[in-house]
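Visitor: Please take me slowly through one part of this structure, with each term explained as it comes up. I would like to look at the enclosed empty spaces.

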Amino acid sequence: MRAYERLLEYVTYATQSAPDRECHPSTPGQFELARRLVDDLKALGLTDAAMDEHAYVYAHLAAAPGCEQAAPLGLIAHMDTSDEAPGDGVAPQLHPDYDGGTVPLGTSGRFLQPEQFPDLCKCKGETLITTDGTTLLGADDKAGVAEILTAIERLQAENLPHGPLCVAFTPDEEIGEGASLFDLERFGAAFAYTVDGGDVGELEYENFNAAGATVSFRGLSVHPGTAKNTMVNAQNLAMEFHGMLPAAERPEHTEGREGFYHLTSMIGTVSGAKLGYILRDHDRERFEARKQRMRDIAAWMNHVYGEGTVTLNVQDSYYNMLEKIKPHMHLVEHARAAIRAAGLEPTEQPVRGGTDGALLSFMGLPCPNLGTGGFNFHGVYEFITAERMDRAVQVLVNLAQGYARGPQ
(Lines give C-alpha, C1' and ligand atoms only; values in the text may rest on other atoms or scores of the structure.)
Protein backbone atom coordinates (compact mmCIF):
# COMPACT_ATOMS: atom_id res chain seq x y z
CA MET A 1 0.00 0.00 0.00
CA ARG A 2 1.36 3.43 -0.90
CA ALA A 3 1.49 6.20 1.66
CA TYR A 4 -0.89 8.49 -0.20
CA GLU A 5 -3.56 5.75 -0.16
CA ARG A 6 -3.38 5.69 3.62
CA LEU A 7 -3.51 9.47 3.70
CA LEU A 8 -6.73 9.50 1.68
CA GLU A 9 -8.34 7.34 4.36
CA TYR A 10 -6.95 9.16 7.39
CA VAL A 11 -8.01 12.63 6.26
CA THR A 12 -11.67 11.56 6.47
CA TYR A 13 -11.35 11.56 10.28
CA ALA A 14 -12.18 14.94 11.80
CA THR A 15 -9.29 15.51 14.21
CA GLN A 16 -8.93 19.26 14.59
CA SER A 17 -7.55 20.13 18.01
CA ALA A 18 -9.18 22.93 19.97
CA PRO A 19 -7.41 25.50 22.15
CA ASP A 20 -8.75 26.54 25.55
CA ARG A 21 -10.19 23.15 26.41
CA GLU A 22 -9.10 21.35 29.54
CA CYS A 23 -9.68 17.79 28.27
CA HIS A 24 -6.89 15.72 26.71
CA PRO A 25 -7.19 15.21 23.83
CA SER A 26 -9.09 18.38 23.15
CA THR A 27 -11.52 16.81 20.64
CA PRO A 28 -13.16 13.35 20.45
CA GLY A 29 -12.30 12.75 16.80
CA GLN A 30 -8.69 12.19 17.80
CA PHE A 31 -9.76 9.12 19.74
CA GLU A 32 -11.41 7.74 16.61
CA LEU A 33 -8.30 8.06 14.46
CA ALA A 34 -6.12 6.72 17.29
CA ARG A 35 -8.24 3.55 17.46
CA ARG A 36 -7.94 3.13 13.70
CA LEU A 37 -4.16 3.51 13.86
CA VAL A 38 -3.89 0.91 16.60
CA ASP A 39 -5.71 -1.53 14.32
CA ASP A 40 -3.49 -0.65 11.36
CA LEU A 41 -0.31 -1.09 13.40
CA LYS A 42 -1.47 -4.47 14.67
CA ALA A 43 -2.25 -5.51 11.09
CA LEU A 44 1.40 -4.75 10.27
CA GLY A 45 2.55 -7.07 13.06
CA LEU A 46 3.16 -4.53 15.85
CA THR A 47 1.14 -6.58 18.29
CA ASP A 48 1.72 -4.34 21.31
CA ALA A 49 0.12 -1.33 19.61
CA ALA A 50 -2.17 0.45 22.06
CA MET A 51 -3.77 3.79 22.83
CA ASP A 52 -3.62 5.34 26.29
CA GLU A 53 -6.39 7.31 27.99
CA HIS A 54 -5.26 10.54 26.30
CA ALA A 55 -5.23 9.08 22.74
CA TYR A 56 -1.43 8.72 22.50
CA VAL A 57 -0.66 5.67 20.36
CA TYR A 58 2.47 3.62 21.08
CA ALA A 59 3.84 0.57 19.26
CA HIS A 60 7.14 -1.28 18.85
CA LEU A 61 8.71 -3.30 16.07
CA ALA A 62 11.38 -5.78 17.10
CA ALA A 63 14.77 -5.58 15.42
CA ALA A 64 15.42 -7.61 12.29
CA PRO A 65 17.63 -10.67 12.87
CA GLY A 66 21.22 -9.62 13.46
CA CYS A 67 20.30 -6.02 14.35
CA GLU A 68 19.25 -6.58 17.96
CA GLN A 69 22.14 -4.52 19.37
CA ALA A 70 21.13 -1.32 17.59
CA ALA A 71 19.77 1.49 19.77
CA PRO A 72 15.96 1.88 19.64
CA LEU A 73 14.97 4.47 17.03
CA GLY A 74 11.75 6.45 17.41
CA LEU A 75 9.42 7.79 14.72
CA ILE A 76 6.69 10.25 15.74
CA ALA A 77 3.84 12.04 13.95
CA HIS A 78 0.75 13.84 15.19
CA MET A 79 -2.86 12.96 14.43
CA ASP A 80 -4.56 16.29 14.98
CA THR A 81 -5.00 19.05 12.42
CA SER A 82 -5.17 22.83 12.66
CA ASP A 83 -8.35 24.73 13.50
CA GLU A 84 -7.40 27.58 11.14
CA ALA A 85 -9.66 26.17 8.39
CA PRO A 86 -12.60 23.73 8.42
CA GLY A 87 -11.53 20.14 9.03
CA ASP A 88 -14.77 18.17 8.75
CA GLY A 89 -15.87 16.54 5.52
CA VAL A 90 -12.45 16.59 3.90
CA ALA A 91 -12.80 15.49 0.26
CA PRO A 92 -9.31 15.20 -1.26
CA GLN A 93 -8.96 15.77 -5.00
CA LEU A 94 -6.44 13.80 -7.10
CA HIS A 95 -4.84 15.36 -10.17
CA PRO A 96 -2.67 12.68 -11.88
CA ASP A 97 0.24 13.84 -14.02
CA TYR A 98 -0.17 17.46 -12.98
CA ASP A 99 0.55 19.70 -15.96
CA GLY A 100 2.01 22.64 -14.04
CA GLY A 101 -0.95 24.94 -14.59
CA THR A 102 -3.88 26.28 -12.62
CA VAL A 103 -5.80 23.71 -10.57
CA PRO A 104 -9.49 24.17 -9.71
CA LEU A 105 -10.32 23.17 -6.14
CA GLY A 106 -13.54 21.26 -6.64
CA THR A 107 -16.52 23.52 -7.27
CA SER A 108 -15.51 26.04 -4.59
CA GLY A 109 -14.46 28.74 -7.05
CA ARG A 110 -10.95 28.66 -5.61
CA PHE A 111 -7.83 27.76 -7.59
CA LEU A 112 -4.22 26.79 -7.00
CA GLN A 113 -2.10 28.93 -9.26
CA PRO A 114 1.68 28.67 -9.75
CA GLU A 115 1.92 32.46 -9.79
CA GLN A 116 0.58 32.56 -6.25
CA PHE A 117 2.07 29.28 -5.02
CA PRO A 118 5.45 28.74 -6.76
CA ASP A 119 5.98 25.37 -5.03
CA LEU A 120 3.46 23.95 -7.48
CA CYS A 121 6.16 24.18 -10.16
CA LYS A 122 8.14 21.50 -8.31
CA CYS A 123 5.23 19.10 -8.65
CA LYS A 124 4.76 19.04 -12.42
CA GLY A 125 4.26 15.49 -13.68
CA GLU A 126 3.35 14.17 -10.23
CA THR A 127 0.02 13.09 -8.77
CA LEU A 128 -1.17 16.23 -7.03
CA ILE A 129 -3.48 15.85 -4.02
CA THR A 130 -5.44 18.95 -3.09
CA THR A 131 -8.49 20.01 -1.10
CA ASP A 132 -11.88 20.75 -2.68
CA GLY A 133 -11.43 24.37 -1.63
CA THR A 134 -13.71 24.22 1.40
CA THR A 135 -11.53 22.51 4.03
CA LEU A 136 -7.90 21.92 4.84
CA LEU A 137 -6.39 18.66 3.59
CA GLY A 138 -4.89 17.39 6.83
CA ALA A 139 -1.53 16.31 5.43
CA ASP A 140 -0.17 18.15 8.47
CA ASP A 141 0.37 15.69 9.88
CA LYS A 142 -1.60 12.70 8.61
CA ALA A 143 0.96 12.46 5.81
CA GLY A 144 3.62 11.79 8.45
CA VAL A 145 1.41 9.15 10.06
CA ALA A 146 0.84 7.45 6.70
CA GLU A 147 4.53 7.56 5.78
CA ILE A 148 5.64 5.97 9.05
CA LEU A 149 3.16 3.10 8.65
CA THR A 150 4.18 2.58 5.04
CA ALA A 151 7.89 2.56 5.92
CA ILE A 152 7.24 -0.11 8.56
CA GLU A 153 5.34 -2.16 6.02
CA ARG A 154 8.20 -1.93 3.52
CA LEU A 155 10.91 -2.81 6.03
CA GLN A 156 9.11 -6.05 6.83
CA ALA A 157 7.88 -6.94 3.35
CA GLU A 158 11.37 -6.55 1.88
CA ASN A 159 13.19 -8.10 4.87
CA LEU A 160 15.38 -5.02 5.23
CA PRO A 161 17.78 -4.62 8.17
CA HIS A 162 16.58 -2.39 10.99
CA GLY A 163 17.07 -2.08 14.72
CA PRO A 164 14.24 -1.83 17.26
CA LEU A 165 11.70 0.76 16.14
CA CYS A 166 9.46 2.74 18.48
CA VAL A 167 6.38 4.41 16.97
CA ALA A 168 4.15 7.08 18.52
CA PHE A 169 1.26 9.13 17.20
CA THR A 170 0.34 12.13 19.33
CA PRO A 171 -2.76 14.30 19.77
CA ASP A 172 -3.04 18.08 20.16
CA GLU A 173 0.30 19.03 18.60
CA GLU A 174 -1.31 21.98 16.81
CA ILE A 175 -2.19 23.61 20.14
CA GLY A 176 1.26 23.00 21.60
CA GLU A 177 0.34 20.02 23.78
CA GLY A 178 1.54 17.07 21.69
CA ALA A 179 4.41 16.29 24.04
CA SER A 180 2.79 17.35 27.30
CA LEU A 181 1.61 13.86 28.28
CA PHE A 182 4.10 11.86 26.19
CA ASP A 183 5.31 8.75 28.04
CA LEU A 184 9.04 8.57 27.31
CA GLU A 185 9.51 5.37 29.29
CA ARG A 186 6.72 3.58 27.46
CA PHE A 187 8.01 4.85 24.12
CA GLY A 188 11.46 3.47 24.86
CA ALA A 189 13.52 5.16 22.13
CA ALA A 190 17.09 6.37 22.62
CA PHE A 191 16.50 9.14 20.07
CA ALA A 192 13.80 9.90 17.55
CA TYR A 193 12.56 11.94 14.59
CA THR A 194 9.27 13.70 14.13
CA VAL A 195 7.90 13.35 10.60
CA ASP A 196 5.88 16.51 10.34
CA GLY A 197 5.29 19.01 7.60
CA GLY A 198 7.52 20.59 4.98
CA ASP A 199 8.72 19.29 1.66
CA VAL A 200 10.44 15.94 1.41
CA GLY A 201 14.18 16.31 1.96
CA GLU A 202 13.76 18.98 4.60
CA LEU A 203 15.71 18.41 7.81
CA GLU A 204 15.06 20.66 10.76
CA TYR A 205 16.94 20.66 14.03
CA GLU A 206 16.70 24.30 15.05
CA ASN A 207 13.54 26.13 16.08
CA PHE A 208 12.36 29.26 17.82
CA ASN A 209 12.59 29.91 21.51
CA ALA A 210 8.99 30.79 22.30
CA ALA A 211 6.94 32.57 24.93
CA GLY A 212 3.41 33.87 25.32
CA ALA A 213 2.58 37.20 26.93
CA THR A 214 -0.63 38.72 28.24
CA VAL A 215 -0.73 42.44 29.00
CA SER A 216 -3.67 43.81 31.01
CA PHE A 217 -4.49 47.51 31.33
CA ARG A 218 -6.59 49.14 34.05
CA GLY A 219 -8.46 52.28 33.08
CA LEU A 220 -10.89 54.65 34.72
CA SER A 221 -14.22 55.23 32.99
CA VAL A 222 -16.26 58.39 33.51
CA HIS A 223 -18.72 60.22 31.29
CA PRO A 224 -16.78 61.66 28.35
CA GLY A 225 -18.46 65.03 28.86
CA THR A 226 -16.71 65.46 32.20
CA ALA A 227 -13.64 63.33 31.49
CA LYS A 228 -10.94 66.01 31.48
CA ASN A 229 -8.05 65.11 33.83
CA THR A 230 -10.03 62.13 35.13
CA MET A 231 -10.64 59.49 32.46
CA VAL A 232 -7.96 56.90 31.81
CA ASN A 233 -8.82 54.96 28.64
CA ALA A 234 -7.38 51.46 28.93
CA GLN A 235 -7.64 51.00 25.15
CA ASN A 236 -5.37 53.99 24.59
CA LEU A 237 -2.91 52.53 27.11
CA ALA A 238 -2.93 49.27 25.15
CA MET A 239 -2.21 51.10 21.91
CA GLU A 240 0.57 53.05 23.60
CA PHE A 241 2.16 49.83 24.85
CA HIS A 242 1.95 48.22 21.42
CA GLY A 243 3.38 51.32 19.79
CA MET A 244 6.54 51.05 21.88
CA LEU A 245 7.37 47.64 20.42
CA PRO A 246 9.46 47.83 17.22
CA ALA A 247 7.16 47.76 14.19
CA ALA A 248 9.89 46.21 12.03
CA GLU A 249 9.97 43.18 14.32
CA ARG A 250 6.54 41.81 13.50
CA PRO A 251 6.06 38.46 11.68
CA GLU A 252 5.06 40.14 8.43
CA HIS A 253 8.47 41.84 8.27
CA THR A 254 10.76 38.99 9.35
CA GLU A 255 12.21 35.78 7.95
CA GLY A 256 14.95 33.20 8.58
CA ARG A 257 16.41 33.59 12.06
CA GLU A 258 14.80 36.98 12.64
CA GLY A 259 12.62 36.96 15.73
CA PHE A 260 9.41 38.86 16.31
CA TYR A 261 6.66 40.19 18.57
CA HIS A 262 3.25 39.06 17.32
CA LEU A 263 0.02 40.60 18.58
CA THR A 264 -2.47 37.73 18.50
CA SER A 265 -5.50 39.12 20.34
CA MET A 266 -6.92 42.35 21.71
CA ILE A 267 -10.06 43.13 23.69
CA GLY A 268 -11.02 46.20 25.63
CA THR A 269 -13.25 48.93 26.96
CA VAL A 270 -12.41 52.25 28.54
CA SER A 271 -12.10 50.64 31.97
CA GLY A 272 -10.07 47.57 30.96
CA ALA A 273 -8.13 46.14 28.01
CA LYS A 274 -5.99 43.12 27.29
CA LEU A 275 -3.41 42.28 24.62
CA GLY A 276 -2.12 38.80 23.81
CA TYR A 277 1.30 38.26 22.23
CA ILE A 278 3.64 35.51 21.18
CA LEU A 279 7.39 36.19 21.25
CA ARG A 280 9.85 34.25 19.11
CA ASP A 281 13.62 34.23 18.54
CA HIS A 282 16.15 31.54 17.61
CA ASP A 283 18.87 33.17 19.70
CA ARG A 284 18.39 32.64 23.43
CA GLU A 285 19.94 35.97 24.45
CA ARG A 286 17.77 37.93 22.02
CA PHE A 287 14.77 35.92 23.22
CA GLU A 288 15.44 36.97 26.80
CA ALA A 289 15.93 40.56 25.63
CA ARG A 290 12.51 40.54 23.98
CA LYS A 291 10.86 39.54 27.23
CA GLN A 292 12.84 42.18 29.10
CA ARG A 293 11.77 44.89 26.65
CA MET A 294 8.13 44.15 27.45
CA ARG A 295 8.88 44.24 31.18
CA ASP A 296 10.64 47.59 30.78
CA ILE A 297 7.70 49.11 28.88
CA ALA A 298 5.25 47.86 31.51
CA ALA A 299 7.43 49.28 34.30
CA TRP A 300 7.70 52.67 32.57
CA MET A 301 3.95 52.90 32.03
CA ASN A 302 3.29 52.01 35.66
CA HIS A 303 5.72 54.76 36.67
CA VAL A 304 3.88 57.29 34.50
CA TYR A 305 0.28 56.23 35.09
CA GLY A 306 0.46 54.65 38.52
CA GLU A 307 1.42 51.27 39.86
CA GLY A 308 -0.99 48.55 38.82
CA THR A 309 -2.04 50.25 35.60
CA VAL A 310 -0.25 47.59 33.52
CA THR A 311 0.06 43.93 34.46
CA LEU A 312 2.34 41.76 32.36
CA ASN A 313 2.39 37.97 32.45
CA VAL A 314 5.05 36.20 30.35
CA GLN A 315 5.35 32.41 30.15
CA ASP A 316 7.90 30.43 28.18
CA SER A 317 6.45 27.82 25.80
CA TYR A 318 9.47 25.95 24.38
CA TYR A 319 13.14 26.42 23.53
CA ASN A 320 15.46 25.93 20.57
CA MET A 321 16.15 22.21 20.23
CA LEU A 322 19.57 22.89 18.67
CA GLU A 323 21.30 22.92 22.05
CA LYS A 324 19.95 19.40 22.73
CA ILE A 325 20.75 18.09 19.24
CA LYS A 326 24.39 19.28 19.20
CA PRO A 327 25.60 16.47 21.51
CA HIS A 328 23.90 13.97 19.17
CA MET A 329 24.87 15.18 15.70
CA HIS A 330 24.67 11.58 14.44
CA LEU A 331 20.94 12.37 14.12
CA VAL A 332 21.72 15.04 11.55
CA GLU A 333 24.39 12.99 9.75
CA HIS A 334 22.16 9.90 9.47
CA ALA A 335 19.26 11.99 8.20
CA ARG A 336 21.45 13.66 5.58
CA ALA A 337 22.65 10.27 4.39
CA ALA A 338 19.11 8.87 4.28
CA ILE A 339 17.85 11.85 2.28
CA ARG A 340 20.72 11.64 -0.20
CA ALA A 341 20.20 7.88 -0.59
CA ALA A 342 16.62 8.73 -1.66
CA GLY A 343 18.00 10.85 -4.49
CA LEU A 344 17.51 14.22 -2.81
CA GLU A 345 19.74 16.91 -1.39
CA PRO A 346 18.96 17.82 2.22
CA THR A 347 17.36 21.20 2.79
CA GLU A 348 18.29 22.43 6.24
CA GLN A 349 16.68 25.53 7.66
CA PRO A 350 15.56 26.80 11.07
CA VAL A 351 11.92 26.16 11.92
CA ARG A 352 9.99 29.39 12.30
CA GLY A 353 7.76 27.72 14.85
CA GLY A 354 7.89 24.76 17.20
CA THR A 355 7.46 21.02 17.00
CA ASP A 356 6.77 18.16 19.36
CA GLY A 357 10.44 17.38 18.80
CA ALA A 358 11.55 20.61 20.44
CA LEU A 359 9.70 19.78 23.66
CA LEU A 360 10.74 16.13 23.53
CA SER A 361 14.38 17.13 23.09
CA PHE A 362 14.23 19.09 26.34
CA MET A 363 12.49 16.14 27.99
CA GLY A 364 15.54 14.01 27.19
CA LEU A 365 14.66 12.57 23.77
CA PRO A 366 16.76 14.29 21.05
CA CYS A 367 14.34 14.67 18.15
CA PRO A 368 14.90 16.54 14.84
CA ASN A 369 12.17 16.82 12.21
CA LEU A 370 11.87 15.37 8.69
CA GLY A 371 9.64 16.76 5.91
CA THR A 372 6.65 14.88 4.54
CA GLY A 373 6.30 16.38 1.06
CA GLY A 374 3.45 18.83 1.60
CA PHE A 375 2.83 22.56 1.18
CA ASN A 376 0.48 25.36 2.30
CA PHE A 377 -0.56 23.71 5.54
CA HIS A 378 -3.42 24.97 7.74
CA GLY A 379 -5.63 26.20 4.93
CA VAL A 380 -7.80 25.37 1.94
CA TYR A 381 -4.83 25.69 -0.44
CA GLU A 382 -2.93 22.80 1.16
CA PHE A 383 -1.46 20.21 -1.22
CA ILE A 384 0.93 17.27 -1.40
CA THR A 385 1.90 14.70 -4.03
CA ALA A 386 1.87 10.92 -4.02
CA GLU A 387 5.44 10.78 -5.33
CA ARG A 388 6.82 13.09 -2.63
CA MET A 389 5.18 10.90 -0.02
CA ASP A 390 6.86 7.87 -1.64
CA ARG A 391 10.22 9.58 -1.34
CA ALA A 392 9.54 10.47 2.29
CA VAL A 393 8.86 6.78 2.94
CA GLN A 394 12.16 5.93 1.27
CA VAL A 395 13.96 8.39 3.54
CA LEU A 396 12.50 6.63 6.61
CA VAL A 397 13.42 3.21 5.24
CA ASN A 398 16.96 4.42 4.58
CA LEU A 399 17.14 5.92 8.06
CA ALA A 400 16.07 2.67 9.73
CA GLN A 401 18.67 0.75 7.75
CA GLY A 402 21.36 3.26 8.62
CA TYR A 403 20.62 3.00 12.33
CA ALA A 404 20.70 -0.80 12.11
CA ARG A 405 24.47 -0.30 12.05
CA GLY A 406 24.31 2.02 15.08
CA PRO A 407 25.00 5.78 15.44
CA GLN A 408 28.10 6.90 13.55
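**The second largest cavity and its larger neighbour in the ranking**

Guide: The second largest cavity has a volume of about 30 Å³, where the volume is the space filled by probe spheres set on grid points that are joined across faces, edges and corners. The model is a predicted one, in which local features need pLDDT of at least 70 and side-chain atom pairs count only at pLDDT 80 or more, while totals for chains, interfaces and linings use all residues. Residues are numbered from 1 along each chain as its sequence is written, and side-chain values use heavy atoms, with hydrogens and water left out.

A cavity here is a set of points, on a 1 Å grid over the protein atoms alone, where a 1.4 Å probe fits but cannot get out, and its lining residues have an atom within 4 Å of a point. In the second largest cavity, the lining is made of Ile 76, Ala 77, His 78, Asp 141, Thr 170, Glu 173, Thr 194, Asp 196 and Asp 356. Strand 3 (residues 73-78) gives the largest share of this lining, three residues, namely Ile 76, Ala 77 and His 78; a strand is a DSSP run of E with at least two residues, and a helix a run of H or I with at least four, both numbered from the N terminus.

By kind, this lining divides into two nonpolar, three polar and four charged residues. Ala, Val, Leu, Ile, Met, Phe, Trp, Tyr, Cys and Pro count as nonpolar, Asp, Glu, Lys and Arg as charged, and the others, Gly among them, as polar. The four charged ones are therefore Asp 141, Glu 173, Asp 196 and Asp 356, while the two nonpolar ones are Ile 76 and Ala 77.

The structure holds two cavities of 30 Å³ or more, and the largest has a volume of about 40 Å³. Around this largest cavity stand Val 195, Val 200, Gly 201, Glu 202, Ile 339, Leu 370, Gly 371, Ala 392, Val 395 and Leu 396. Helix 10 (residues 386-403) supplies the largest share of the lining, three residues, which are Ala 392, Val 395 and Leu 396. The lining of the largest cavity divides into seven nonpolar, two polar and one charged residue; Glu 202 is the charged one, and Gly 201 and Gly 371 are the polar ones.

Terms used. On a 1 Å grid over the protein atoms alone, a cavity is a set of points where a 1.4 Å probe fits but cannot get out, and a pocket is an open set with protein on both sides within 12 Å along at least five of seven lines; lining residues have an atom within 4 Å of a point.
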